[in-house]
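User: Please take a close look at one part of this model, and then connect that part to the rest of the chain.

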Amino acid sequence: MSAYRYSLGKFIKDWMLIISMVSGVAAYLIYRSIPALHPAGPVLLSLCKSIQPMLLFAMLFLSFCKIEPRQMRLHRWMGWLLLLQGGLFTALAFLIASFPGIQLRYALEAFMLCIICPTATACAVVTGKLGGNMAGVVTYTVLINLLVSVMVPLTVPLIHPIEGMSFWKSFLLIISKVFPLLILPCLAAWAVRYLLPGIHAWFLRYSSASFSIWAVSLGLAILMSTRAIVHSGGSMWLLLEIAGGSLLACILQFASGRMIGARYGCPISAGQALGQKNTVFGIWLGYTFLNPVISIAGGFYSIWHNVFNTWQLYRKRIGKLKGEQTPIAGEP
């Protein structure tokens, strides 16, 4: 019996991401197939939206407890990644603005949304599991969120003008979404580190729980993504078009990130920083600034990048994915 419990526990731990994804999809489909549960829908939706930020905050707080402020340094690969994301997003915006009737426009907009979508707040957790530089990924996460806050208000009006939405209003709207779930956990962790070292040491003993917290958060994110896809109201061709655009963006970004990072000895960190996205934020970004239908690209992307992460974690377990040297990049 003990051997069975061990093997079951190991199986759950090894395939936690896939289990979370399947659970998220199944939970929503079960809810949708039982009419008696539908009256509770608004309450359940509100509950999910309330729980998820708390889980993300806890996960990030535990991750930041492991990172010292002096470890957050700028590296050259970050500049190339920012240039790739910002440049490609701007070029696509001008292309669509110049040719509004262009074929496969939905696929292009889905691709564009997935390109500019910032790095996932959970990226540091996965990067650490893969043997990458958590501090470097956190630094890039801050940088790309700042870039998104500026570029989206400047560029999106070219293709989707929003009446009454000025640059500063858009900028502050994005910052209000970013600050509570990115900056506050960082400040709180560092405050505990320097002001309450005993409590900080206690949190460090449980820092590995961040992966389990992320698995629960992932299940909720996939549930919300499934809901967005089901409620999109688009035709099957439209869904395939958007899914294709998001898949292409996922492949391109992981491949480009690893290629750029390899030049500086950090393929895992750069690949995750560019490829693993904050898809919940991406769905909100698409719904608020682009087209509500396009927002489901974030839901599809959530599936693609988590499947790829599961495959990478599997390769890491069997010894076919080598970690990066620590410290990773000695160059500023």
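Analyst: Asn-278 makes contacts with a run of residues far from it in sequence: Cys-117, Pro-118, Thr-119, Ala-120 and Thr-121, with neighbours up to four places away left aside. This is a predicted model. Asn-278 sits in the loop between helix 12 (267-275) and helix 13 (279-289). Despite the loop position, Asn-278 is buried, with a relative accessible area of 17%. The cut-off for burial is under 20%, so Asn-278 counts as buried.

Next, the cores. The largest nonpolar core has 51 residues. Trp-77, Ile-242 and Leu-285 have the most contacts inside this core. A second, separate core holds 40 residues, including Leu-56, Phe-61, Phe-211 and Leu-223. In soluble globular proteins, nonpolar side chains tend to be buried together.

Leu-285 deserves its own look. Beyond its neighbours within four places in sequence, Leu-285 is in contact with Leu-113, Ile-116, Val-148, Val-152, Ile-174 and Leu-290. One of these partners, Ile-174, also gives a distance to helix 3: Leu-62 lies in that helix, and the C-alpha atoms of Leu-62 and Ile-174 are 24 Å apart, with their positions 112 residues apart in sequence. Leu-62 is buried, at 9% relative accessible area.

What happens after helix 13? Pro-292 is in the loop between helix 13 and helix 14 (296-317). Pro-292 is partly exposed, with a relative accessibility of 41%. Asn-278, in contrast, is buried at 17%. Pro-292 touches Gly-286 and Tyr-287, residues up to four places away in sequence not being counted. Its C-alpha is 9.4 Å from that of Ala-228, although the two residues are 64 apart along the chain.

Now helix 5, which covers residues 105-116. The loop before it, between helix 4 (76-98) and helix 5, holds Leu-104. Leu-104 has a positive phi of about 60 degrees, and Leu-104 is not a glycine. Most residues other than glycine have a negative phi. Leu-104 is partly exposed, at 46% relative accessibility.

Arg-105 lies in helix 5. Where does its side chain go? A polar atom of the Arg-105 side chain is 3.0 Å from the backbone oxygen of Pro-100. Arg-105 also forms a salt bridge with Glu-109, and the closest N and O atoms are 2.6 Å apart. The pair counts as a salt bridge because the cut-off for such nitrogen and oxygen atoms is within 4 Å. Side chains of opposite charge can pair when their charged atoms come close. Arg-105 and Glu-109 are both in helix 5, four residues apart, about one turn of the helix. A search of the whole structure finds one salt bridge. Glu-109 is buried, with a relative accessible area of 2%.

The surroundings of Arg-105 bring together several parts of the sequence. Leaving out neighbours within four places, Arg-105 is in contact with Ile-96, Pro-100, Ile-159, His-160 and Glu-241. Pro-100 is thus both a contact of Arg-105 and the residue whose backbone oxygen faces a polar side-chain atom at 3.0 Å.

Helix 11 (residues 236-262) contains Leu-239. Leu-239 is buried, with a relative accessible area of 15%. A C-alpha to C-alpha distance of 31 Å separates Leu-239 from Val-125, and the two are 114 residues apart in sequence.

Helix 3 spans residues 41-65 and includes Ile-51. Ile-51 is partly exposed, at 31% relative accessibility. The residue belongs to a nonpolar surface patch of about 360 Å², made by Leu-44, Leu-47, Ile-51 and Met-54. Patch residues need over 30% relative accessible area, so Ile-51 qualifies on that count at 31%.

Leu-60, also in helix 3, is buried at 4% relative accessible area. Leu-60 and Pro-185 are 125 residues apart in sequence, yet their C-alpha atoms are 6.0 Å apart in space. For Leu-62 and Ile-174, the separations are 112 residues and 24 Å. Helix 3 thus holds a partly exposed residue, Ile-51, as well as the buried residues Leu-60 and Leu-62.

To return to the starting point: Asn-278 is a buried loop residue, and its contacts include Cys-117 and Thr-121.

Key
Residues numbered from 1 in each chain as written. Predicted model: local features only at pLDDT ≥ 70, side-chain atom pairs only at ≥ 80, totals over all residues. Heavy atoms only, no water. Helix = DSSP H or I, 4+ residues; strand = E, 2+ residues; numbered from the N terminus. Buried < 20%, exposed > 50% of the residue type's maximum accessible area, 1.4 Å probe, protein only. Core = buried A, V, L, I, M, F, W, Y, C linked by side-chain atoms within 4.5 Å. Contact = heavy atoms within 4.5 Å. Patch = residues over 30% accessible without salt bridge, like charges linked within 9 Å, V, L, I, M, F, W, Y side chains within 5 Å. Areas by Shrake-Rupley, 256 points an atom, 1.4 Å probe, with all protein chains shown as cover. Salt bridge = Lys/Arg side-chain N within 4 Å of Asp/Glu carboxyl O. Polar contact = N/O pair within 3.5 Å; in protein donor to acceptor, adjacent residues only side chain to side chain.
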